[in-house]
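Visitor: Could you take a close look at one part of this model with me? I would enjoy a connected walk through one helix, what it packs against, and then some of the strands.

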Amino acid sequence: MNNWQELVPFYVAGLLSPREKTAFETFLAQSLECQQAVAEWQAIAHAVWDETDSRSHNLPSLSKAVLNQISTPPYITRNGHNTENLEATVPAYKPPRVEYADSPRDDSPPLKLKRRSAAPIFALSAAAAVMITTCAVILFLALRSPDGDPDHGSSSKSTPTVIHSPTADATLTTVPNISVCNLSSPAAVNIYAEPNANSTVEGVLQPGVYLQSLRKTADNWYNVSLGSSSGWVRGDEVQLTGQCDDLPVPTPTGVRSTPNFVPSPTMVPTEAPPDADYQLVLDRFSATTFNEIVSYPDGDTTDRIELELAGLTQEDNYRELQISVYCILGENLDTLRWYWGEDTSLTSSFQCDETGSLVLSASSNREILIVTIPEGSPRSVVSYTITITPTLLGGTPVATSTAASVPTAPQDSEPHTFELDPNSVRQLSEKLSVPMPQGDSADNITLTLTNGIFGQRYEYSLLLVCSGPVPTDVRWLVGNSDTAYRCGDEVSEVFLSVADNQKLVSVILDEYSYANYIEYTLIAQPVPSEAVPTLEGSIAPSDGEPHDFIVSRAGSNRFTDLISYPDGDTLDRIHVTFADMQAGEIRQVEISLICTGSGLENVTWAILNSEKSNVCAGTLYATFTDQNNQISFDVTFSDQTSGTGLVSYTLEVRETP
Amino acid sequence: MDFDYMDLSLVQAMAKGDVRALEELYSRHGQRLLNYLIGQVGGDVVLAEEILQNVMLAAWKAASNFRGDSKVRTWLIAIARNQAINARRKHRLTSVPLNEADGLHKTGPFEQLLRASERAEVREAIRQLPEDQRETLELIFYHGLTGPEAAELQGVALGTIKSRLHRAKETLKYILEGRNE
């Protein structure tokens, strides 16, 4: 059994299938090492149980606020021609995807509920039940068909049908909410399928009921939600209450606004150009990306983006959208705020590089997204990218249903060259897909510095922005480090110089990912370097050799000194010692020499007793062990040096993960 | 009827508007969800209780959309996790995880070490684990999620769950050995 170490924790937790368990126990009986591992994991399992259980506090009752919010199920009657059974919105039971093949299936009928709740819960629930019944009767009577027959057109013969969804709760009430647009009528009014009186009648708005509307047409039709679909009411047949004047008027079908700003590699905007509101039609399987810019106090301070999630069906009737806003370039990026809904209080807003989740459903597939720089902010201009990724509840990736629909990323030649400039933002966009071998599941990208000055070290900050069905399956690595980053991560301290002008970045789509297609953009932004003080004099004073440079996990790990040529201190020998090494420990480090002054091109530095050497702004790699925790360096002017030079250098040691 | 099918029946009853089903689901899972949430928000019981109410409300609202793709308890933990992330963002809570590399390269009979350590010390060591490692241990050993379920919940590959378990063990070893030296 090759993978027994991996199975031990799952065995201890009782999570192996019967077949796996039998095989594991056969091996366990023969292996002392495995028996010890099981004992260790049992000890850990007990400790985890202890720790988690120790948090136990008395479970509070469900709060009144919760019970109140669940107590108003809306009722809508349908006309006879529409016999849609709304109970079908409760999907049939499907077995869990993670299931062992030899587990027995329980096909017994649903449980008759037994009450186990404490008395206070019962009291609250009894009150809630009375309230539900009362509301149900009122709403049912209010919305019944015009002929007064409650069964007419209803999908249910004896009881009204209930729709449960967040929006349905929000859109139909007996009390108007003055912060939205409410429609009501003293007489029964038809609800049509389309905004014209010749279309199918979907239902009837009864007196005493308020329906919320989120949009209208230019010719005075108001859109209302009808559970899993929507309908239209003539504006001249209803009374309007609340905020109805500012409802958005949809653009004609097929017309879609396009962003008027796309970040350009070399452009740092000073002011956001004015724009209209946007409409984004989102796909339920794949992510959508959107770029724009806002600024304050001049220019466009707010972007209003209407989201519409297309294609939801009764069987596939919701998505949890993971919305992230990345701020790419500009000034005072931290002033940007974003939120959804029309809440302008900003108390629940998000900032740059944060992610929020928003659930949309078939009955409520629209929301307004606001991106803004609030009043009173300092002068700001922010170019941002929004990625919206559809997931199932809790961020679960949209599963294999996408298999047939995802495109394939064409295979391309590797590595990709990504030229970086010392002074401007650059970006590179590529595509990945699985399953292999048809697609391209990994890209190697060579960052290459162009136009650099010898001896100077340039720092870049890298950001990877992705869109696609499951962007969480993307990993990317920078240089020699094994640290895997994810989409949306920003990696700073990426250094390039003329001496070391290339660095490899790998972007990988997990091959275990389900059918997946990712479009990504790698953005490289130069980080301004610290101002370098001017060197005084022309000679480095002689000092005692060698120098001791103690490196530790917690230290800044920089050593600075001067050398000069032909007079003064022409050579420094530095013993670098790694402190706090544990027995058996190995530390991989990246060492750079940062220089300033004159004659930089003639400076060399080398690891003693090795072939490893480099020049100013170059990097060397070394390994410290507990047995050999000291490495020595010489920093000097090369033998062929002519002329004069005075150089201040800093030897910087950074551990590589 | 097994536990999972019973849960599913409750969610289906909730989808039909049965408030008692919500209460029953709450009584079956509330305590564990509360324990999970307390861990997610750095021990703030009041905040965890507040989030728990939102979790149950969200479960009520989403009941008709529950498709049975996962177990109900996994679904509830997913909702709780999401609500906790939002709450952490709102309240700006951050965890201070131990450097993962610090846990490596230690040897010794770990089982004896665990036995020798006081229970409170071991629990404290678990609290000090990096957030992803602690959560993974908790999902597997306390909430009984399978590897694929934990992977799906945390949005990572199954291999990552396995490596997090391995690293969690190494990190615990490091913390406890440091205390007993």
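Guide: Happily! Let's begin with a crossing: α1(A) passes α3(A) in a right-handed sense, meaning that the near helix is turned clockwise from the far one by less than a right angle, where anticlockwise would be left-handed. Before going on, please note that this is a predicted model, in which local features need pLDDT of at least 70 and side-chain atom pairs count only at pLDDT 80 or more, while totals for chains, interfaces and linings use all residues. Residues are numbered from 1 along each chain as its sequence is written, and chains are lettered from A and ligands numbered from 1 in the order in which they are written.

Helix α1 covers residues 4-12 of chain A and helix α3 residues 32-53 of chain A; their axes come within 9 Å and cross at roughly 40 degrees. Helices here are DSSP runs of H or I with at least four residues, strands are runs of E with at least two, and both are numbered from the N terminus. Axes are lines fitted to C-alpha atoms, for helices over the stretch in contact, with angles from 0 to 180 degrees between N-to-C directions. The two helices are therefore oblique to each other; angles under 35 degrees would count as roughly parallel, over 145 as roughly antiparallel, and 65 to 115 as roughly perpendicular, with the rest oblique.

On the α1(A) side, the contact (C-beta atoms, placed from the backbone, within 7 Å) includes A:Trp4, A:Val8 and A:Tyr11, and on the α3(A) side it includes A:Ala37, A:Trp41 and A:Ala45. The contact residues divide into 10 nonpolar, two polar and no charged. Nonpolar means Ala, Val, Leu, Ile, Met, Phe, Trp, Tyr, Cys or Pro, charged means Asp, Glu, Lys or Arg, and the others, Gly among them, are polar.

Within α1(A), A:Leu7, A:Val8, A:Pro9, A:Phe10, A:Tyr11 and A:Val12 are buried, that is, 20 or more other C-beta atoms lie within 10 Å of their own, with C-beta atoms placed from the backbone. After the helix comes A:Gly14, with a positive phi near 70 degrees.

Now to the strands. An open sheet of four strands in chain A has the order β9-β11-β15-β13 and mixed pairing, where a pair needs at least two DSSP bridges. β9 (278-282) and β13 (337-340) of chain A stand at the edges with a single partner strand each, so one side of each has no neighbour in the sheet. β9(A) pairs with β11 (residues 302-309) of chain A in the parallel sense over five bridges, and A:Val281 has A:Glu308 of β11(A) as its bridge partner.

How values were computed. Contact = placed C-beta atoms within 7 Å. Buried ≥ 20, exposed ≤ 12 C-beta atoms within 10 Å, placed from the backbone.
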